Amino acid sequence: MKPTDLSSPTYFHKVVDCQWACPAHTPVPEYIRLISAGRYTDAYMINWQSNVFPGILGRTCDRPCEPACRRGRVEEEPVAICRLKRVAADNKDEVLSRMTPIPAQKNGKRIACIGAGPASLTVARDLAPLGYDVHVYDAEAKGGGFMWSQIPRFRLPESVIDEEVGYITNRGGVTTHYNTRVNSLKGMLAEGYDAVFVGCGAPRGRDLDVPGRREAAANIHLGIEWLASVSFEHIEKIGRKVIVLGGGNTAMDCCRSARRLGGEQVTVVVRSGFEEMKASPWEKEDAMHEGIPILNYLVPKEVLHEGGKLKAMVFEKVKAEFDAKGRRNLVPSGEPDVTIECDDVLVAIGQENAFPWIERDIGMEFDRWGLPKLNETTLQSTIPQVFFGGDAAFGPKNIIWAVAHGHEAAVSIDRFCQGQDVTARPDPLVVMSGQKMGIHEWSYDNDVSIDLRFKVPHADPAESLRSIKAEVELGYDRELARKEAQRCLNCDVQTVFTTQLCIECDACVDICPTDSITFTPNMEDEAALRTTLKAPAINTTQALYVADGLKTGRVMVKDEDMCLHCGLCAERCPTGAWDMQKFFLETAKTTNGAQACLSR
Amino acid sequence: MSYLKPALKHPSLPKNALGFTRRDYEGSISTLCAGCGHDSISASIIQSVWELGIEPHRVAKVSGIGCSSKTPDYFLSASHGFNSVHGRMPSVLTGANLANRDLIYLGVSGDGDSASIGIGQFAHLMRRGVNMTYIVENNGVYGLTKGQFSATSDKGSKAKKGAINTDEAIDLVAMALQLGATYVGRSFSGDKQQLVPLIKGALSHQGVALIDCISPCVAFNNHEGSTKSYDYVREHNESVNKLDVILGRSPIAASYAPGEMTEVTQHDGSVLRLRKLHDDYDATDRVAAMNYLARHKAMGEIVTGLLFVDPEAQDLHASLGTVATPLNQLNDASLCPGSSALEKLNAGLR
């Protein structure tokens with residue numbers, strides 16, 4: 001194998017599995033260390049720079065970082081990254097003074113953001129400190145978009161949304177136009193904005209098409225519309241027996257909300273199997289914990305009603321069959337149909353993007369799914385001054401993706417407005433810093449905790465089912481948070497190898513607790529090399545770190561997969577050929593400043 | 001500084017016949033200087049005992065004083081151990097062995113412990129043929145007292161500060177061969193491929209087995225002019241054979257030309273499969289081995305490998321005709337048969 005190229009930040013970035021998996025590439029181990037040190041405000045600011053909504057995301061993020069977490073491979077469960085983020089938000093002190101100031105002197109450019117969801121708000125936050133005059137439009141009375149209208153209050157209190165939206169809209173530079181639905185992009189362009197960002201989400205719920213649907217319409221609701229009505233307090237109760245259709249997170253929010261508004265027998269019915277449901281495992285768990293059964297492999301067949309009064313739904317039993325190409329088909333199992341009585345049905349079977357307000361004669365191109373044609377990196381549409389992000393760009397994803405889009409779009413808009421090439425992307429900010437403090441002493445806590453994942457305390461179930469607003473999760477207290485934070489392996493503290501210093505004494509090989517280091521003759525083929533290492537390197541998604549130039553002609557091969565980043569290789573290295581260096585990466589934004597926000 | 005190795009281990013680490021991983025045979029973290037050759041020897045012992053599938057409680061590790069003699073703390077923490085007096089490992093181990101012949105005895109010593117203060121003990125243990133594995137972690141200097149020449153330092157080699165050694169070196173391998181050791185090997189801490197099979201063969205040998213293992217002292221003897229540095233040993237290492245230790249009968253995987261491979265079956269049924277790397281070397285001929293070693297030493301080579309093995313080895317218990325049962329399993333009547341038995345014995349000697 002060729003020696004590993006360390007000149008690009010990508011290699012070490014990938015080693016930090018959580019940060020690599022995060023769409024916004026938040027420096028996770030950095031803020032987790034700050035939490036374990038009790039520096040909650042600093043931890044919050046690292047997050048705020050990167051993902052804009054730490055308090056919101058700490059309760060609601062889809063957490064792609066956690067399945068990626070190395071801890072989940074060396075023992076049973078990943079670090080509770082998401083809930084630690086909430087700890088930073090819950091325990092922080094004053095943060096306003098640390099945020100990038102908004103200049104009084106404007107740069108003369110005006111930007112419109114359509115929709116006040118996470119993507120638009122991120123664009124506004126990133127552009128306002130540069131002197132842009134940002135105008136945010138939303139049809140609702142408050143900012144937050146989906147975070148406010150769709151996510152139930154028992155998961156995300158309103159005060160948290162108001163606070164974090166406020167950090168963007170109340171510091172100057174951003175003018176909000178709430179209660180203002182944008183009905184024409186043409187009209188918006190005519191107002192002379194230098195750039196327009198479309199972050200209006202994916203606002204249309206997919207409907208059900210079975211016999212009886214139309215007749216019983218009074219008690220059949222689209223999930224996202226129903227959730228919004230609950231959030232706006234237009235709806236305060238639901239029937240005793242409720243069926244929720246769909247297997248995504250929206251379905252989970254619907255069933256749990258229904259349970260709190262009078263639904264005593266709430267049932268989730270899903271076409272597919274339990275494992276393939278789109279909902280996050282923890283959201284399924286939370287629903288079941290509240291006494292909500294999830295029934296799988298049932299396809300809606302008919303709505304039964306008596307003169308328009310909803311009575312029940314009939315489902316066909318199906319099973320999964322795989323064709324020659326491995327594609328799954330749901331085919332009738334031949335078992336008798338299942339009939340479930342109900343007073344209300346909530347349909348949460350997916351969302352579609354809808355852009356009825358974008359005129360088709362203004363030069364914007366759409367793909368065959370009705371989504372705008374975009375450059376995937378710059379998020380620029382075929383009308384150069386119009387950019388997209390969030391669910392409006394590539395269909396429904398989640399908050400953290402919306403934030404990531406927002407950062408990229410802000411960079412694009414800034415470059416576009418300054419007459420620079422939008423496709424030329426700025427480099428991320430990367431810092432490598434040595435962790436050695438003395439002989440055998442490191443500036444990070446290299447002791448590896450053997451604690452298993454700590455459970456987040458929950459409110460008493462009977463109590464929390466009584467109110468739609470009572471938050472179910474109480475969050476870690478400081479001591480639990482410190483212990484959970486200690487489970488983090490500090491994957492950003494990298495093992496860096498200097499061939500010229502190595503005397504091939506094997507000290508690192510002997511001490512490594514996970515058998516990750518091997519000195520061996522080199523091989524052309526990576527797959528072959530992987531089989532010759534000290535412990536099996538079977539996870540091919542994880543890189544091998546290869547260094548050549550040793551006196552014996554062998555190569556040093558380190559399998560990154562199971563490395564605990566305990567620093568023992570460096571501690572037992574007599575010549576300093578191994579060093580522990582902290583890798584800090586902040587994605588390129590209009591203003592990079594995560595480190596500037598930390599207290600000294 | 002870390003005192004404990006993290007308990008977390010590689011989840012797909014292989015297990016031996018007992019269901020243990022290699023990590024179950026570890027000890028505490030070494031407090032020797034980083035990069036010490038002794039740590040690689042400890043790792044090789046761990047690997048060997050794990051591969052042989054020996055239950056840790058069946059091993060007794062005994063040592064004297066010195067850097068080398070500290071190492072039993074760094075492997076087999078679940079085994080029996082005795083850190084004895086300087087140079088007295090052989091007599092303590094001999095006593096233990098006489099009392100309980102069921103254990104597997106591993107003596108760990110250094111060049112100071114064995115070739116200076118303990119040389120008498122070394123010599124008599126060898127000639128008595130105590131059933132044990134005797135590992136000398138040989139770095140050619142007194143590391144604990146900052147690098148004076150030891151008795152195994154080669155004449156003409158240079159100390160870290162430039163002094164030249166004027167005394168002749170004691171060659172423990174030559175002594176062991178002369179004193180009747182029945183399994184003699186030399187190896188290098190930086191070559192586990194060679195060292196691990198040598199230790200496995202020694203542990204399964206039913207007689208006295210000596211392994212002289214050159215182990216560079218990174219702090220005081222790893223410089224230009226030293227003959228026990230990583231670089232010097234790598235350059236001058238001449239391995240005479242390649243050893244595989246086979247437990248139970250397994251087919252020979254590769255085919256060898258006649259004479260290229262020999263097999264030696266030991267008392268316990270283990271097979272030492274020796275692939276020759278030097279045509280004229282015969283590891284079962286004691287006198288030839290002594291001649292070969294003397295000749296090649298004069299040529300400046302460090303000859304390594306399994307240098308001699310006598311599969312028909314006998315140990316001290318056989319010569320003394322001792323009881324087969326360990327003393328701790330005998331009852332009072334057997335251990336102390338009374339004055340009439342003593343009188344009878346004395347009468348027999350008059």
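These questions and answers cover a helix, a strand and a chain contact in a predicted model.

Residues are numbered from 1 along each chain as its sequence is written, with chains lettered from A and ligands numbered from 1 in the order in which they are written. Local features need pLDDT of at least 70 and side-chain atom pairs count only at pLDDT 80 or more, while totals for chains, interfaces and linings use all residues.

Visitor: Where do the buried residues of helix α13 of chain A lie around the axis?
Guide: Helices are DSSP runs of H or I with at least four residues, strands runs of E with at least two, both numbered from the N terminus. A residue is buried if 20 or more other C-beta atoms lie within 10 Å of its own, exposed if 12 or fewer, and partly exposed in between, with C-beta atoms placed from the backbone. In α13(A), residues 223–231, the buried ones are G223(A), I224(A), W226(A), L227(A), V230(A) and S231(A). Because they cover an arc of only 160 degrees, taken from the directions from the helix axis to the C-beta atoms, they lie on the same side of α13(A).

Visitor: Which residue of β24(A) stands opposite T495(A)?
Guide: Strand β20 of chain A, residues 493–497, has 4 of its 5 residues buried. Strands pair if DSSP finds at least two bridges between them, and 5 bridges join β20(A) to the antiparallel β24(A), residues 578–586. Opposite T495(A) stands M580(A).

Visitor: How many residues does chain B give to the contact?
Guide: Two residues are in contact if their C-beta atoms, placed from the backbone, lie within 7 Å. Chain A gives 28 residues, and chain B gives 22 residues.
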